[in-house]
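Good morning, colleagues. I should like to take a few minutes to walk through one model, beginning with the overall chain and ending with individual residues.

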Amino acid sequence: FAPWEDPNETPLIQFKGVTKRFGTFTAIDNLTQDIYAREFFALLGPSGCGKTTMMRMLAGFETPTKGQILIAGQDMANVPPNERAVNMMFQSYALFPHLSIWENIAFGLKRMKMPKDEMNARVDEMLRLTRLSKFAKRKPHQISGGQRQRVALARSLARAPKLLLLDEPLGALDKKLREETQFELMDIQEKTGTTFVIVTHDQEEAMTVASRVAVMDDGKIMQVSTPDKIYEEPNSVYVADFIGDVNIIEGTAKKTSEDGYDILWHDGQEPFHAKTTRQLSDGQKAFVAIRPEKIGISPEKPEGAMNAVKGKIIDIGYLGNISTYHVELPGGVMIKAQQTNTRRLSRRTFTWEDEVWLSWTLTAGSVLER
Ligand code: ATP
């Protein structure tokens, strides 16, 4: 059992019907969500959807207009930020420039008057955990951006919070360092067993680090699930479109068997044959979300394919390991199909203006109602 599937597990964090208004503006709209101990939980969504507001309410910097937030079963309504077992790491790492790395990490421990021996041991442990031991004596300006990020992390974990909130923690790092640091974050989260809630607008980052991802829009959580489920089984066009690349085909449903449907999607096109456990009524508007890599591309019509359409390549996006082919179907519909490049570019089979067949299986796409 994953903790969120285990009926005996009690959540570490509970949002119960939480609404947050700023004046007449609703930033969080009647939101109910549980987060479990040891989870790496990602809040993902476009700018302004309310991610930071949720974090700030957890930390105690904002209070809900309506509803309840519980941490470890305790209502947080009257608990000030400094009395919560919660720490927040900000995007700007806010290290003290005149203090050494060691002193930066020790700062919070000194303030809580931790005995000296215990403090020394704790700081050393944090330095080891974040692989910073040899930089202990340096000042923040004498280390790299990635190392500063790790100091900030070490400092926020030093007091052993139950919950660490990370607001765009890797925003200042370049792509390569960012990807490396994602794995470090996961490793440190696992080693400490601290619950991490991370805010990001980068879907790849959320998918990489998180045990579960909550996709938000307009103060609401649209779907919460594991990264693979969010990707493979989105519950709406919004989520499918927000996560990764996708083709959205719009049409009308027509039931053909117990779990089979034809999606009649365009004049002159064969219907899109699909299977789903979703119940649709005949004539209902429906969407199929299908990932580019689930679409095969071939010069001839593949034998026995449940879905096959002919089109013309009008654009190719080459990324080294993969290529994305933009294929125009009769009637002007555009479909993206992706292929792994196992051969050298010079020996690749397809080029611009080629007539090709696209094909996919009955279950390659997700049938959605909205
Ligand atoms: P970003 O990715 O840009 O940081 P976000 O999803 O974190 O966005 P929030 O910072 O939670 O978004 O803000 C949600 C909405 O609430 C925004 O429209 C914002 O303008 C509004 N908002 C946030 N704080 C306040 C405030 N103190 N007063 C008024 N409106 C606010």
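I shall speak about the chain and its domains, then the ligand shell, then three helices, and finally two buried strand residues.

Please bear in mind throughout that this is a predicted model. The protein chain has eight helices and 20 strands. Along the principal axes, its C-alpha atoms fill a box of roughly 75 × 50 × 40 Å. The chain comprises 370 residues, of which 35% count as buried. As for contact order, consider the contacts between residues at least 6 apart in sequence: 65% of these join residues at least 24 apart.

The domain assignment divides the protein chain into domain 1, covering 3–240, and domain 2, covering 245–368. The C-alpha centres of domain 1 and domain 2 are 39 Å apart. Five residues from domain 1 and six residues from domain 2 take part in the contact. On the domain 1 side, the residues that touch domain 2 are three nonpolar, one polar and one charged.

Let me turn to the ligand. Which residues surround the ligand? From the earlier part of the sequence come Phe-22, Phe-25, Ala-27 and Gly-45, followed by the run Ser-47, Gly-48, Cys-49, Gly-50, Lys-51, Thr-52 and Thr-53, and the list is completed by His-201. Two elements, β2 (25–35) and α1 (51–59), each give two or more residues to this shell. The largest share, three residues, comes from α1. By class, the shell around the ligand holds four nonpolar, seven polar and one charged residues.

Now the helices, starting with α5. Helix α5 spans residues 175–192, 18 residues in total, and reaches 26 Å from its first C-alpha to its last, close to the 26 Å expected at 1.5 Å a residue. Its buried residues are Thr-181, Gln-182, Leu-185, Ile-188 and Gln-189. Why do these residues share a side of α5? They cover an arc of only 140° around the axis, which puts them on the same side of the helix. Lys-176, Phe-183, Glu-190 and Lys-191, on the other side of α5, are exposed. The buried residues of α5 have several packing partners: the strands β3 (40–44) and β8 (195–200), together with the helices α3 (116–129), α4 (145–157) and α6 (203–209). Just after α5 comes Gly-193, with a positive phi of about 70°.

One of those partners, α4, merits its own description. Its 13 residues should span 18 Å at 1.5 Å a residue, and the end C-alpha atoms are 19 Å apart, which agrees. How much of α4 is covered? The helix is mostly covered, with 10 of its 13 residues buried. Among them are three arginines, Arg-148, Arg-150 and Arg-155, as well as Gln-149 and Ser-156. Val-151, Ala-152, Leu-153, Ala-154 and Leu-157 are also buried. The buried residues of α4 pack against the strands β6 (86–89) and β7 (163–167), and against the helices α2 (101–111), α3 and α5.

The third helix is α2. Here the buried residues are Ile-101, Trp-102, Asn-104, Ile-105, Ala-106 and Leu-109. The cover over them includes α3 and α4. Just after α2, Lys-113 takes a positive phi of about 60°.

I close with two residues from the strands. Val-86 belongs to strand β6. Is Val-86 buried or exposed? There are 22 other C-beta atoms within 10 Å of Val-86, and the threshold for burial is 20 or more, so Val-86 is buried. Leaving out residues up to four places away in sequence, Val-86 touches Leu-58, Ala-59, Ile-71, Pro-161, Leu-163 and Leu-165. Val-86 and Ala-59 are 27 residues apart in sequence, yet their C-alpha atoms are 6.1 Å apart in space.

Leu-31 lies in strand β2, an element that also gives residues to the ligand shell. With 21 other C-beta atoms within 10 Å, against the same threshold of 20 or more, Leu-31 is therefore buried too. Apart from its neighbours within four places in sequence, Leu-31 is in contact with Phe-15, Val-18, Lys-220 and Ile-221. Leu-31 and Val-18 are 13 residues apart along the chain, and 4.8 Å separates their C-alpha atoms.

Note on methods
Residues are numbered from 1 along each chain as its sequence is written. This is a predicted model: local features need pLDDT of at least 70, side-chain atom pairs count only at pLDDT 80 or more; totals for chains, interfaces and linings use all residues. Helices (H or I, at least four residues) and strands (E, at least two) are DSSP runs, numbered from the N terminus. The expected span of a helix is 1.5 Å times one less than its number of residues. A residue is buried if 20 or more other C-beta atoms lie within 10 Å of its own, exposed if 12 or fewer, and partly exposed in between; C-beta atoms are placed from the backbone. The arc is that of the directions from the helix axis to the C-beta atoms. Two residues are in contact if their C-beta atoms, placed from the backbone, lie within 7 Å. Domain bounds come from an automatic or database domain assignment. Ala, Val, Leu, Ile, Met, Phe, Trp, Tyr, Cys and Pro count as nonpolar, Asp, Glu, Lys and Arg as charged, and the others, Gly among them, as polar. A residue is near a molecule or strand if its C-beta atom, placed from the backbone, lies within 6 Å of it.
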